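Hi,

Here is the structure I said I would pass on. Have a look at it first, and then read on for my notes.

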Amino acid sequence: MDKISKSQRSWNMSRIKGKNTRAELQVRRKLFSNGLRYRIHVKDLPGKPDIAIKKYGLVVEVRGCFWHGHTSCVDGHIPKTNTKFWQDKIEKNIARDIGNIEKLENAGFTVFEIWECEVNKTEIFNQRVSEILDLSALRSREE
């Protein structure tokens with residue numbers, strides 16, 4: 001049983017942003033402060049990726065643990081109320097993500113996924129950003 005009314009839950013969920021989330025802004029700040037320039041929500045790429053660096057063929061997707069079904073995270077669980085709806089929704093999100101990643105990789109992009117929970121874990125976050133920076137440095141030398 002939900003602790004709040006159905007209308008209040010609906011209102012709460014409608015206020016969750018899909019773009020410029022806290023995690024996404026943290027990733028962007030970290031990349032920018034390390035000298036990497038990028039475009040956000042690029043409309044001509046599959047799935048309008050959160051961060052795209054076309055010059056180096058890189059895409060960074062910052063995934064919300066709940067919305068994208070991060071099973072190894074406490075936030076990636078299916079709610080106990082309206083379970084069928086949420087399970088279907090999250091499965092569709094995952095399928096869409098997989099399809100977009102395939103399209104991007106077929107177009108020559110390397111796709112990095114950073115989970116919302118990883119942004120809050122300094123060591124993991126720094127490692128993920130280092131991987132992106134290392135690959136961008138490697139590709140910039142290839143030019």
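Which residues do ring pairs link into a cluster? The members are Phe 66, Trp 67, Phe 85 and Trp 86. Before I go further, please keep in mind that this is a predicted model.

**Rings**

The structure has four aromatic pairs. One of them is Trp 67 with Trp 86, an edge-to-face pair with 5.6 Å from centre to centre and 65° between the planes. That pair links distant parts of the chain: Trp 67 belongs to the loop between β3 (58–63) and α3 (83–106), while Trp 86 is in helix α3, 19 residues apart. As for how covered they are, Trp 67 is partly exposed because its relative accessibility is 23%, and Trp 86 is buried because its relative accessible area is 12%.

There is also a charge over a ring to look at. Arg 37 lies over the face of Phe 32, and the distance from the ring centre is 3.6 Å.

**Salt bridges**

The count here comes to eight salt bridges. I picked out three of them for you.

Start with Arg 28 and Glu 24, whose side chains meet at 3.0 Å, N to O. Both sit in helix α2 (residues 22–33), four residues apart, which is about one turn of the helix. Are these two buried or exposed? Arg 28 counts as buried, with 12% relative accessibility, and Glu 24 is buried too, at a relative accessible area of 2%.

Next come Asp 44 and Lys 54, with a salt bridge of 2.8 Å, N to O, between their side chains. Asp 44 is in the loop between β1 (39–40) and β2 (51–53) and Lys 54 is in the loop between β2 and β3, so this pair ties together parts that are 10 residues apart in sequence. Asp 44 is exposed, at a relative accessible area of 56%, whereas Lys 54 is partly exposed, at 45% relative accessibility.

The last of my three is Glu 113 with Arg 63, where the closest N and O atoms are 2.8 Å apart. Glu 113 lies in strand β4 (residues 110–115) and Arg 63 in strand β3, so the salt bridge ties together parts that are 50 residues apart in sequence. Arg 63 counts as buried at 5% relative accessibility, and Glu 113 counts as partly exposed at 26%. These two also belong to a network of salt bridges that links Glu 61, Arg 63, Asp 97 and Glu 113.

**The sheet and its helices**

Four strands make up an open sheet with mixed pairing, in the order β1-β2-β3-β4. Because β1 and β4 stand at the edges with a single partner strand each, one side of each is left without a neighbour in the sheet. As a reminder, strands of a sheet pair through backbone hydrogen bonds, either parallel or antiparallel. For β2 and β3 the sense is antiparallel, over three bridges. If you want a spot to zoom in on, Ile 51 has Val 60 in β3 as its bridge partner.

Which helices should you look at against the sheet? Helix α2 lies across β1, β2, β3 and β4 and runs at about 145° to β3. Helix α5 (residues 122–142) packs on the sheet as well, touching β3 and β4, and its direction makes about 165° with that of β4.

Over to you now.

Cheers

Technical notes: Residues numbered from 1 in each chain as written. Predicted model: local features only at pLDDT ≥ 70, side-chain atom pairs only at ≥ 80, totals over all residues. Heavy atoms only, no water. Phe/Tyr/Trp six-rings, centres within 6.5 Å; stacked < 30°, edge-to-face > 60°. Helix = DSSP H or I, 4+ residues; strand = E, 2+ residues; numbered from the N terminus. Buried < 20%, exposed > 50% of the residue type's maximum accessible area, 1.4 Å probe, protein only. Lys NZ or Arg CZ within 6 Å of the ring centre and 35° of its normal. Salt bridge = Lys/Arg side-chain N within 4 Å of Asp/Glu carboxyl O. Pairing = 2+ DSSP bridges. Contact = heavy atoms within 4.5 Å. Axes fitted to C-alpha atoms, helices over the stretch in contact; angles between N-to-C directions.
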